[in-house]
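The report below describes a single chain, taking local surroundings before the overall arrangement. Please read it alongside the sequence and the coordinates.

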Amino acid sequence: MKDPKFEIERLKSLVSQYKEELENLSKERNEYLVVSAHQMKSPLLTIIFSINTLLGEYAGKLNAKQLLIISSIKRSAETLQRLIADIIELEKLRSGKVELEDIDFVKTSLSAIEELREKIHEKDIKFDVNLPNMMLVIKGHKLGIKHVIYNLVENAVKYSSPGTPITLGVERQGDQVVFSVADEGMGVPEEHLERIFERFYRVDGEEPRLAGTGLGLGLAIAKRIVEAHGGRIWVEATPKVGSRFYFSLPVDGGP
């Protein structure tokens, strides 16, 4: 009969060995993912530059059908570009390789909104922005925070019907700065609310509300970025009524 103590120790050793092997495999996968994402950036930039050249009619005037096709290609290329950025950002945060600096949260919010101006205009969104007339300084990773704001606003625009309103607000609450964006889109069923920030999680339905990029990375990355800054992110939503996404971050000193 085998010694129970010996068998327990043997099993512990096997578990430790398998755990180490899994960690090594995960590390190799992450490194491969980041390297692959970086390698895709250069040819994708060339594609987008070529598309913009065609849209600028530097190679001749486009007819209506050609314009529609090229515009569709551009949107797909930009979606892929954001996906690559998401992958790199997620792995960067996973490894802890982020540099923190003083950030004016209000200015960063305006910058993200400005980059989405064309999409907002295309859908004739009634965009209501409520920002304080003062600096709100936080300590953080500038591109990461801008990424969160961009992602939440882009989602609101994406899942809003043309001509409907979106309300965006930033306010200080005690030692926290709170960002919110509300839309009147399809909303999120209650049973999905707890899982919507998980990686690769998608809400199924007649018109699936994808988590950011379509692969379910956008909101997961937003959550990781916010929590890495000591903040939290949450959502209030009602199906067929709309959603309001929030996140809060600590203010860096100040009155």
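Once neighbours within four places in sequence are set aside, V106 is in contact with L131, P132, M134 and L136. This residue lies in helix α3, which covers residues 105-115, and in this predicted model V106 has a relative accessible area of 8%, so it counts as buried, the limit being under 20%. A further relation links V106 to F179, which is 73 residues away along the chain, their C-alpha atoms being separated by 9.7 Å.

**Confidence and overall layout**

The pLDDT averages 80 over the chain, and 77% of the residues score at least 70. Residues 204-215 call for caution, since the pLDDT there is below 50, although in the model this stretch has 32 contacts beyond near neighbours in sequence. The chain contains 6 helices and 7 strands, and along the sequence these elements follow the pattern α-α-β-α-α-β-β-α-β-β-α-β-β. Of its 255 residues, 39% count as buried. Among contacts with a separation of 6 or more, 70% come from residues 24 or more positions apart.

**The sheet**

An open sheet is formed by 5 strands in the order β2-β4-β5-β7-β6, with mixed pairing. Its edge strands are β2 and β6 (232-238), each of which pairs on one side only, and the twist from one strand to the next averages 10°. In general, the strands of a sheet pair through backbone hydrogen bonds, either parallel or antiparallel.

Strand β2 (residues 126-130) runs parallel to strand β4 (residues 165-173), and the two are joined by 5 bridges. Within this pairing, F127 has I166 of β4 as its bridge partner, while D128 stands opposite T167 in β4. T167 also has a bridge partner in β5, namely A182. The pairing of β4 with strand β5 (residues 176-183) is antiparallel and extends over 8 bridges. These two strands form a hairpin with 2 residues between them, and G174 in the turn has a positive phi of about 65°.

**Helix α5 and its neighbours**

Helix α5 comprises 17 residues, 142-158, and spans 24 Å from its first C-alpha to its last, close to the 24 Å expected at 1.5 Å a residue. The helix is mostly covered, with 14 of its 17 residues buried. What does α5 lie across? It lies across β2, β4, β5, β6 and β7 (242-250), and runs at about 20° to β5.

A second set of contacts involves helix α6 (residues 218-228), whose axis comes within 9 Å of the axis of α5 and crosses it at roughly 145°. The crossing of α5 past α6 is left-handed. On the α5 side the residues that meet α6 are G144, I145, H147, V148, N151, L152 and N155, and their counterparts in α6 are G218, L219, I221, A222, I225 and V226. The buried residues of α6 are G218, L219, A220, I221, A222, I225 and V226. Just after α6, G230 takes a positive phi of about 80°.

**Positive phi values outside glycine**

Most residues other than glycine have a negative phi, and most peptide bonds are trans. Against that background, two non-glycine residues with a positive phi are set out here.

| Residue | Phi | Location | Relative accessible area |
|---|---|---|---|
| E57 | about 60° | loop between α1 and α2 (64-95) | 36%, partly exposed |
| D124 | near 55° | loop between α4 (117-122) and β2 | 53%, exposed |

Why does D124 count as exposed? Its relative accessibility is 53%, and the exposed class begins over 50%, so D124 falls within it. E57, at 36%, is partly exposed because this value lies between the limits of 20% and 50%.

**A contrasting position in α1**

N52 is found in helix α1, which covers residues 4-55. With a relative accessible area of 34%, N52 is partly exposed, whereas V106 is buried at 8%. The C-alpha atoms of N52 and K74 are separated by 8.0 Å, although the two residues are 22 positions apart along the chain.

How values were computed:
Residues numbered from 1 in each chain as written. Predicted model: local features only at pLDDT ≥ 70, side-chain atom pairs only at ≥ 80, totals over all residues. Heavy atoms only, no water. Helix = DSSP H or I, 4+ residues; strand = E, 2+ residues; numbered from the N terminus. Expected span 1.5 Å × (residues − 1). Buried < 20%, exposed > 50% of the residue type's maximum accessible area, 1.4 Å probe, protein only. pLDDT = per-residue confidence, 0-100. Contact = heavy atoms within 4.5 Å. Pairing = 2+ DSSP bridges. Axes fitted to C-alpha atoms, helices over the stretch in contact; angles between N-to-C directions. Left-handed = near helix turned anticlockwise from the far one by under 90°.
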